[in-house]
Amino acid sequence: MRQLIRLMLLSAVTLLSACGYNSLQSQDEQIKASWAEVLNQYQRRADLVPNLVNTVKGYAQHEEQVLTEVTNARAKVGQVNVDNDSFNDEAKLKQFAAAQGELSSALSRLLVVSENYPQLKADALFRDLQAQLEGTENRITVARNRYIQAVQQYNTTVRSFPTNLTAKLFGMQVKPSFTVENEKAISEAPKVDFGGGK
């Protein structure tokens, strides 16, 4: 009888260790931490934007439209309410990515405008802000990549046997990944015209 109880306990321990519950929890926490880092880097970029706009404004006062676009894009980013649970809502994730994409586009136009102002390009404050912005964009890329990898690992675990049984038992589902805002547009090669419109 004792032999049977020991065998049942050993079987139960083996089954519980193979169920993958702890792995799922660990990977879910990794996703949360990765998402928090993505938000942190986007916040860093949003904090740099007013300083960059004000620096450019001093040199390029007649470029009001570009400055307004950057300011409006930053405001839209602030209107998208995201938190550590936003990565579970695919629609909110897409809305967040679209707002961030709009801000990236507006910042690109701002930096193109700065090319027309040699004094601005020579300004130490502008160069420092531009370097910080470039560094932040790199950090955003790294943070998004880590988040995507964490989601991939979690989703693989959720969908793999036997952990998929544990995931179903505890209501753990596949999580949406971070995607680009306009996948069709980036799949087409850019048009290059050196003819100057002639």
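Of the 198 residues in the protein chain, buried residues make up 35%, and I should say at once that everything I describe comes from a predicted model. The secondary structure is quickly told, since the protein chain has eight helices and zero strands, and reading from the N terminus the elements run α-α-α-α-α-α-α-α.

Let me turn to the interior. The largest nonpolar core in this model holds 41 residues, and those with the most contacts inside it are W35, L107, L110, Y147 and F178. If we ask which elements give two or more residues to this core, the list is α2, covering 21-59, then α3 at 64-79, α4 at 90-114 and α6 at 124-159. Among these, α2 gives the most, with 11 residues.

Helix α2 comes up again when we look at the largest pocket, which has a volume of about 190 Å³. Its lining consists of L39, Y42, Q43, A46, R74, V77, G78, V80, V82, F96 and Q100. At least two lining residues are supplied by each of α2, α3 and α4, and the largest share, four residues, comes from α2.

Now to the charged side chains. As a general point, side chains of opposite charge can pair when their charged atoms come close. In this model the count comes to five salt bridges, and I will go through three of them with some care.

The pair that I would start with is E137 and R45, whose side chains meet in a salt bridge with an N to O distance of 2.9 Å. This pair links distant parts of the chain, because E137 sits in helix α6 and R45 in helix α2, 92 residues apart. How do the two partners stand in terms of burial, which of them is buried and which partly exposed? R45 is buried, with a relative accessible area of 0%, whereas E137, at 27%, is partly exposed.

The next pair stays within one helix. K32 and D28 form a salt bridge through their side chains, at 3.6 Å from N to O. Why are these two separated by about one helical turn? They are, because K32 and D28 are four residues apart in helix α2. Here D28 counts as buried because its relative accessible area is 13%, and buried means under 20%, while K32 is partly exposed with a value of 26%.

The third pair is E90 with K94, where the closest N and O atoms of the salt bridge are 4.0 Å apart, a value that I would flag for anyone who works with cut-offs, given that the criterion is a nitrogen within 4 Å of a carboxyl oxygen. Both residues lie in helix α4, four residues apart, again about one turn of the helix, and E90 is partly exposed, with a relative accessible area of 46%. Beyond single pairs, salt bridges that share partners join D28, E29, K32 and K175 into one network, so the D28 and K32 pair described a moment ago belongs to that network.

Finally, a word on the surface. M1, L4, I5, L7, M8 and L9 make a nonpolar surface patch of about 680 Å². One of these residues, I5, lies in helix α1, which covers residues 2-18. What is the relative accessible area of I5? The value is 43%, and I5 is therefore partly exposed.

Technical notes:
Residues numbered from 1 in each chain as written. Predicted model: local features only at pLDDT ≥ 70, side-chain atom pairs only at ≥ 80, totals over all residues. Heavy atoms only, no water. Patch = residues over 30% accessible without salt bridge, like charges linked within 9 Å, V, L, I, M, F, W, Y side chains within 5 Å. Areas by Shrake-Rupley, 256 points an atom, 1.4 Å probe, with all protein chains shown as cover. Buried < 20%, exposed > 50% of the residue type's maximum accessible area, 1.4 Å probe, protein only. Core = buried A, V, L, I, M, F, W, Y, C linked by side-chain atoms within 4.5 Å. 1 Å grid on protein atoms, 1.4 Å probe; cavity = no way out; pocket = protein on both sides within 12 Å on 5 of 7 lines; lining within 4 Å. Points joined across faces, edges and corners; volume = space filled by probe spheres on them.
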